[in-house]
Amino acid sequence: MAFRYAMTAGGVDNISRIEADMPAPGPGEVQVRLKGSSLNFHDYVTLAGLIPWIEYPRVPLSDGAGEIVAVGEGVTQYQPGDRVVTLFYPHWHAGRPTAKSKELILGETTDGCAQELLNLDVRSVARAPAHLGDPAAATLVCAGHTAWYALMEECGIGAGDAVLVQGSGGVSLFALQFAKAVGATVVATSSSDHKLERLGELGADHLINYASTP
């Protein structure tokens, strides 16, 4: 038996814990025992029922990390015991994103990570960094990947470039750290002096309170 948390409608009051048998992974699949997850704004709008096309019941949460406990026929690149993270778009495996590769979204158009065990296509997981625990590794799935793709894949930033990060959400925090890692100058904005202080501690070079300095 394995547990999962399923929404029967929008709103956190409509989430129930369910226990059921989890089938063995099929050909080309891995079964992951999820040990960590992270919350993004996408999860909020999903849980709040603000995405009208969600079909219920639905298991929420898009970001997960854990350990492979079983592999299906034909899977050779992973074995039980390997640590992995999920992919926000399970069908986006390489190249530029397309409408088709973005059709499937964990926690939205297919069941997500608020469950004990999850069967996934072997191409829909990636190895978790060895130096990160499961909750930390799970933050890479949406916010981390979004920041990396924007800065490194789309813009190719490097030393001497300037990067503006707006606010202190997950994507901004990852963007700040990636930009500093390659030698870029980071300008951070927020309406909170307290948050700006923290952004400065994380390495932002210039801090602007857009409420007091419009």
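Which residue in β7 is the bridge partner of V85? Keep that in mind while we walk over there.

First, some ground rules. This is a predicted model, where local features need pLDDT of at least 70, side-chain atom pairs count only at pLDDT 80 or more, and totals for chains, interfaces and linings use all residues. Residues are numbered from 1 along each chain as its sequence is written, and side-chain values use heavy atoms, with hydrogens and water left out.

**The whole protein**

Start with everything in cartoon view. You'll find 5 helices and 10 strands; these are DSSP runs numbered from the N terminus, with helices being H or I of at least four residues and strands E of at least two. The C-alpha atoms fill a box of roughly 55 × 40 × 30 Å along the principal axes. Switch to a surface: about 11300 Å² is accessible, and 55% of that belongs to carbon and sulfur atoms (Shrake-Rupley method, 1.4 Å probe; for residues, only the protein chains shown count as cover). Of the 214 residues, 42% count as buried, meaning under 20% relative accessible area with a 1.4 Å probe, protein chains only.

**Strand to strand**

Now select β3, residues 29-38, and β6, residues 117-121. They run antiparallel, joined by 5 bridges; strands count as paired if DSSP finds at least two bridges between them. Click V30 and you'll see L120 of β6 standing opposite.

Next, add β4, residues 63-71. This strand pairs with β3 in the antiparallel sense over 8 bridges, and G36 has A65 in β4 as its bridge partner.

From β4, step to β5, residues 83-86. The two are antiparallel again, with 3 bridges. Pick E67 here: its bridge partner in β5 is R83.

One more step takes you to β7, residues 125-127, which pairs with β5 in the antiparallel sense over 3 bridges. Here's the reply to the opening puzzle: V85 has A126 as its bridge partner. As you look along the strands, remember that in a regular strand the side chains alternate between the two faces of the sheet.

**A loop worth a stop**

Finally, zoom in on the loop between α1 (41-47) and β4, where P57 sits. A cis peptide bond joins Y56 and P57, with omega about 0°. In the loop between α1 and β4 you can also select L61. Its phi is near 85°, a positive value in a residue other than glycine. For background, most residues other than glycine have a negative phi, and most peptide bonds are trans. Is L61 buried or exposed? L61 is buried, with a relative accessible area of 15%.

Terms used
Buried < 20%, exposed > 50% of the residue type's maximum accessible area, 1.4 Å probe, protein only.
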